[in-house]
Amino acid sequence: MPTAIELAKQFQVSLVGDGSLVLQGLAPLERAQVSQISFLSNPLYRQQASDSAAGGLIVNQADADFLQANPGSNSVGRVYFVSKKPYATFARMAQHFAKASAPIYAPGVHSSAAVDPSVNIPDSCHIGPFVQIGPGVKLGERVSLLGNTSVARNSAIASDTLIYPNVSIYSETTIGERCIIHSGAVIGADGFGFAPDFSATGAEWVKIPQTGAVVIGNDVEIGASTTIDRGAMSDTIIGSGTKIDNQVQIAHNVVVGNCCVIAGCAAISGSTKIGNFCIIGGAANFAGHLTIADKTTVSGNTSIIRSITEPGQHYTGVYPSMLHGAWEKNAAILRGLDKIRQRLRLLDKSK
């Protein structure tokens, strides 16, 4: 197990306290023990941090100064990892400790896997049971494809990418390095494209062939049961560093920029372009053919129906919940707003 000084050097933070203290993992403030590390990123929890039994705390300089000046009964012998970004430092330390207990996927191809003869699998890859790999697929080094995953023809998966069981990757999909794709995700299914052909004698929705692809950058994480549709003619693109939660729908020809985060059940309609560093809350939804500026934040359950051109803005359109009877009264007022506006205009003209 690492000592405090070893962790401080590895994660490039300042250390206050005994560098020889051995630490074994991380835990929340209220549960952490003397051998564990916790973190404080919100000064509202300073008292809880002071009372915590954690042997190490990841804090910023202001919180470190406060906690040292106001020690709790459990603070004796505690060390402080002083970071400019405590939450990010916590996440990196958590990765470090998680590796010790993470499953190891041994290189090799399971006997039940169905691999097309045209595919050259590097010796460092792990191909699990009942995996299907189609013709023309290219795999980088140390790719892990876990059980029942399918990778269709001419797809490419770059080095160090981990794909959990039961993922479906359709043809012509490109996935970058160090990506993580969770179970049940579907990458490259047909986009929802149909042309209406209605007449007096018959009706038909004519399918538009979806001949584009999906291109996913490096360091992207895609949650369980998320779907990313292939483009109709151009590609659907997910930028590097973007993190996508569970059960998200990304439609055909969507472009998502770099380092975005998209929470669960969000839905992005076709041909919408999301800028870089955007934050999209759970169940937010976007109409099609929009352009969303960089660093836009959209609260959960918000509907975006127009393009956003000014970067760095935060949009919220959630109608607060209330008792149903009160909601009906307010809804009745909303239905009459247009008549009220017309009356106000008439009053202005009469003045």
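Student: Quick one: is Arg 178 buried, partly exposed or exposed?

Tutor: Partly exposed, with 40% relative accessibility. Keep in mind that this is a predicted model.

Student: Which residue does Arg 178 form a salt bridge with?

Tutor: Glu 177, and the closest N and O atoms sit 2.9 Å apart. Glu 177 is partly exposed too, at 31% relative accessible area.

Student: OK, what about Lys 207, which partner does that one have?

Tutor: Asp 190, with 3.0 Å between the closest N and O atoms. The two come from distant parts of the chain, 17 residues apart: Lys 207 is in strand S20, while Asp 190 is in the loop between strands S18 and S19.

Student: Which residues are joined into one network by shared salt-bridge partners?

Tutor: Glu 177, Arg 178 and Asp 219.

Student: And how many salt bridges in total?

Tutor: The count comes to 7. One of them pairs Arg 142 with Asp 160, at 2.7 Å between the closest N and O atoms. Those residues are 18 apart, each in a loop between two strands.

Student: Switching topic: how many helices and strands are there?

Tutor: The chain has 6 helices and 36 strands.

Student: What's the radius of gyration, against a compact globule of 351 residues?

Tutor: The chain has 26 Å, where such a globule would be near 20 Å. Its C-alpha atoms fill a box of roughly 85 × 80 × 35 Å along the principal axes.

Student: What share of the residues is buried?

Tutor: 39% of the 351. As for surface, the chain exposes about 19,100 Å², and carbon and sulfur atoms supply 55% of that.

Notes: Residues are numbered from 1 along each chain as its sequence is written. This is a predicted model: local features need pLDDT of at least 70, side-chain atom pairs count only at pLDDT 80 or more; totals for chains, interfaces and linings use all residues. Side-chain values use heavy atoms; hydrogens and water are left out. Helices (H or I, at least four residues) and strands (E, at least two) are DSSP runs, numbered from the N terminus. The radius of gyration is taken over C-alpha atoms; the globule rule is 2.2 Å times the number of residues to the power 0.38. Buried means under 20% relative accessible area, exposed over 50%, partly exposed in between (1.4 Å probe, protein chains only). Accessible areas come from the Shrake-Rupley method with a 1.4 Å probe; for residues, only the protein chains shown count as cover. A salt bridge is a side-chain nitrogen of Lys or Arg within 4 Å of a carboxyl oxygen of Asp or Glu.
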